[in-house]
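Subject: Structure for you to look at

Hello,

Here is the structure I said I would pass on. Please look it over, and then read my notes below it.

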Amino acid sequence: MSFLNRNVSETQIRLKDRLWLYIFSILVLFLLIVPSLVVIPMSFSGSQYLEFPPKSFSLRWYEAYFFSSSDNGMGFNDWMGATWTSIKVAVLTIFVATPIGTMAAYGLSNSSARVRGILFPIMISPMAVPIILVAIGLFYFFVQFKMVNSITGLVLGHSLVAMPLVLIIVLSALRNYDMNQEKVARSLGASRLRAFFEITLPQIKFSIISACLISFLTSFDEVIISLFVSGGDNSTITRAMFLALRDQIDPTIAAISTVLIIISSGLLLLTQLFGDKKD
Amino acid sequence: MQSNALNISINDVTKTYGDFYALKDVSLEVKSGEFLTLLGPSGSGKTTLLMVLAGFTRPDYGSVKFGNEEVVTKPPHLRDIGMVFQNYALFPHMNVEQNIGYPQKLRGKSKSEVKESVAEALSIVKLDGLGHRGVAELSGGQKQRVALARAIVFKPQILLMDEPLSALDKKLREEMQIELRQLHDSLTMTTVYVTHDQKEALTMSDRIAVINDGELKQLGSPNEIYTNPNNAFIADFIGESSLLPAKVISNKTYLGASEIMISHPSKDDGDYLLVIRPEKLFLANGKEKDTNLFSGIVEGSIFQGESQLLVIKLDPGSFGEQSLRMRLPNGSNIGQKVPISGEKISVGLRKSDSFLVE
């Protein structure tokens with residue numbers, strides 16, 4: 001067992017002194033990931049019901065997902081239709097939340113500490129308020145404007161939640177950016193807008209891309225606002241899943257979840273790749 | 001001095017931040033083709049004034065004219081001025097060539113025109129052949145040159161520089177000071193240069209505007225500013241000096257109990273400061289004419305390379321409790337005995353070098 005006496009840090013800490021920490025960390029990582037992964041084997045089950053571990057294997061639940069019909073009697077369109085709604089809303093959310101969040105971040109980073117201190121908490125308040133309150137508020141608000149069950153309403157709702165994340169990501173990128181460069185560009189003859197697009201934007205582009213992916217994910221994974229303000233043909237996949245779970249426990253949910261996990265973790269991975277690049 | 005560069009007229013420019021006056025009624029004429037330095041300590045308002053010229057700061061009131069054109073409300077990108085910032089602020093996503101070519105691109109120049117002017121600018125700043133380098137591969141001095149090339153590539157008539165050399169080490173800084181001055185002389189530009197380094201200002205400028213507390217304290221050639229500072233702040237800020245409290249009573253000047261001679265004796269009664277430049281003092285033998293003699297004890301004698309610094313405590317009976325600094329060149333005074341600590345000594349200051357400030 002001599003390897004236990006190996007040094008594991010710059011100081012004189014040996015492996016056996018640190019072992020508990022490594023085991024603890026692995027356990028934490030395990031607990032973080034496993035609940036999401038449990039659905040994957042369940043999705044390949046041949047059984048009628050959600051079971052773990054599955055006794056037989058089949059792809060029938062994937063078939064049920066990809067080739068579902070709309071007469072499911074559950075108050076939403078078919079699974080694929082709901083998936084497309086989710087994707088459409090998520091993509092539109094990118095185009096609303098990212099520009100607004102970026103502009104807000106730019107404004108904040110160019111304002112005095114006092115103004116920033118007042119505006120920043122207001123701008124990130126959708127993150128601080130329980131999301132169900134936001135959802136209820138949105139519902140009553142949208143009723144006034146006949147926007148319940150509309151794509152527009154959903155996109156606005158999701159953008160509300162995604163915008164603070166964009167703001168935080170872009171703000172931190174701008175914190176490491178030397179605003180003097182924009183001043184230089186302006187002194188050299190660029191208008192402020194042009195200076196932003198030609199000098200600032202190329203240098204924070206990876207953060208902007210991260211912000212886009214995070215906006216997409218925020219909308220795609222969102223369920224509470226969707227429950228309140230989407231419905232019928234404009235149900236999102238998360239809403240459809242939630243309703244389906246309430247009525248019947250069906251391994252289709254596991255198959256959908258598996259697909260969603262792949263999409264989400266793929267995007268998250270992309271975010272990490274872009275986030276790692278130095279802006 | 002070329003005469004076809006734009007002159008700058010600054011009139012009554014005031015800028016406040018709350019109760020704080022960053023600039024207070026500053027009026028200043030920068031002549032065409034002149035190299036003018038705004039000199040002052042940090043927080044004095046010199047950079048604010050430069051930003052007013054660049055268009056980044058709008059004064060509360062006052063006028064700024066380039067030639068005959070009022071520019072106070074003109075946005076920075078339409079002012080057509082070259083500007084070099086303190087931290088270079090090169091664009092890291094562009095290489096050297098693209099950095100320098102950027103202002104030309106903004107001016108809608110053709111590719112060949114851009115290329116030509118970039119090559120010319122690179123050769124002016126002695127960076128020929130480095131056009132394809134990335135910005136991160138450059139040394140501090142090279143970055144400075146690129147920033148400079150970028151600011152002059154479109155041949156602006158006005159060049160503004162905000163402490164451009166402050167990040168360089170001393171030796172490189174002194175080389176660049178001379179090079180910048182030569183560059184100014186060879187191009188047709190009116191240059192406004194901001195620094196807190198009095199030696200840099202003395203080295204480079206045609207004229208120096210000393211700024212403190214948002215006000216223009218003195219404007220003049222380096223020689224005038226150095227030999228004739230008009231107040232204690234400038235005497236202290238520019239060059240080394242000992243400032244000793246002196247009194248004027250009916251046209252006679254007293255330092256402690258002793259009467260001294262001064263170069264411009266027409267001062268009203270009151271309290272003043274006698275300005276003594278350490279290098280103007282000399283070891284006296286008592287026979288000099290028109291010379292103030294100060295006797296005292298050497299408190300410290302410090303070797304500083306090119307000179308020996310002496311701290312002399314004056315004879316309290318005659319001059320009161322005060323000390324002054326004296327600098328003896330270490331060059332050709334072979335055979336001259338260097339005073340040592342504790343030694344009694346008598347030093348002289350010519351009447352023409354003795355002056356009072358308020």
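In chain B, buried residues make up 52% of the 358 residues. Please keep in mind that this is a predicted model. For chain A, the buried residues come to 42% of 279.

The two chains are built from different sets of elements. Chain A has 13 helices and zero strands. Reading from its N terminus, you will meet one α element after another, α-α-α-α-α-α-α-α-α-α-α-α-α. Chain B, on the other hand, has nine helices and 20 strands.

On overall dimensions, the C-alpha atoms of chain A fill a box of roughly 70 × 70 × 30 Å along the principal axes. Its radius of gyration is 23 Å, whereas a compact globule of 279 residues would have one near 19 Å. The box for the C-alpha atoms of chain B, taken along the principal axes, is roughly 75 × 50 × 35 Å.

Next, the surfaces. About 15000 Å² of chain A is exposed, and carbon and sulfur atoms supply 69% of that area. Chain B exposes about 16300 Å², with 49% supplied by carbon and sulfur atoms.

The charged side chains can be listed in a similar way. Chain A carries 20 positive and 16 negative side chains, and 12 Å separates the centres of the two sets. In chain B there are 40 positive and 44 negative side chains, with the two centres 3 Å apart.

I also looked at contacts between residues with a separation of 6 or more in sequence. In chain A, 66% of these contacts are between residues 24 or more positions apart. The corresponding share in chain B is 67%.

Now the interior. In soluble globular proteins, nonpolar side chains tend to be buried together. Which residues have the most contacts inside the largest nonpolar core? They are B:Ile8, B:Leu38, B:Val64, B:Ile100, B:Tyr102 and B:Leu160, in a core of 93 residues. Helix α8 of chain A (residues 151–175) gives this core its largest share, eight residues. Another core lies apart from it and has 23 residues, including B:Ala246, B:Tyr272, B:Leu324 and B:Leu356.

B:Leu38 is a good residue to select in the viewer. Setting aside neighbours within four places in sequence, its contacts include B:Leu28, B:Lys46, B:Leu49 and B:Leu50. Further along the chain, B:Leu38 also touches B:Val192, B:Tyr193, B:Val194 and B:Thr195, as well as B:Ala209 and B:Ile211.

Two of the core residues named above, B:Ile100 and B:Tyr102, are among the buried residues of helix α2 of chain B. This helix spans residues 96–106 and is mostly covered, with eight of its eleven residues buried. The others on the buried list are B:Val96, B:Asn99, B:Gly101, B:Pro103, B:Gln104 and B:Leu106. What covers them? The cover includes parts of both chains: α9 (180–187) and α10 (192–221) from chain A, and α3 (111–124) and α4 (140–152) from chain B.

One last residue belongs to that α3 helix of chain B, namely B:Lys111. Is B:Lys111 buried or exposed? B:Lys111 has 79% relative accessibility, so it counts as exposed, the cut-off being over 50%. B:Ile152 is 41 residues away from B:Lys111 in sequence, and their C-alpha atoms are 18 Å apart in space.

Regards

Methods:
Residues are numbered from 1 along each chain as its sequence is written. Chains are lettered from A and ligands numbered from 1 in the order in which they are written. This is a predicted model: local features need pLDDT of at least 70, side-chain atom pairs count only at pLDDT 80 or more; totals for chains, interfaces and linings use all residues. Side-chain values use heavy atoms; hydrogens and water are left out. Helices (H or I, at least four residues) and strands (E, at least two) are DSSP runs, numbered from the N terminus. The radius of gyration is taken over C-alpha atoms; the globule rule is 2.2 Å times the number of residues to the power 0.38. Buried means under 20% relative accessible area, exposed over 50%, partly exposed in between (1.4 Å probe, protein chains only). Contact means heavy atoms within 4.5 Å. Accessible areas come from the Shrake-Rupley method with a 1.4 Å probe; for residues, only the protein chains shown count as cover. Lys and Arg count as positive and Asp and Glu as negative; His and the chain ends are not counted. The place of a charge is taken as NZ of Lys, CZ of Arg, CG of Asp or CD of Glu. A nonpolar core is a set of buried Ala, Val, Leu, Ile, Met, Phe, Trp, Tyr and Cys residues joined through side-chain atoms within 4.5 Å.
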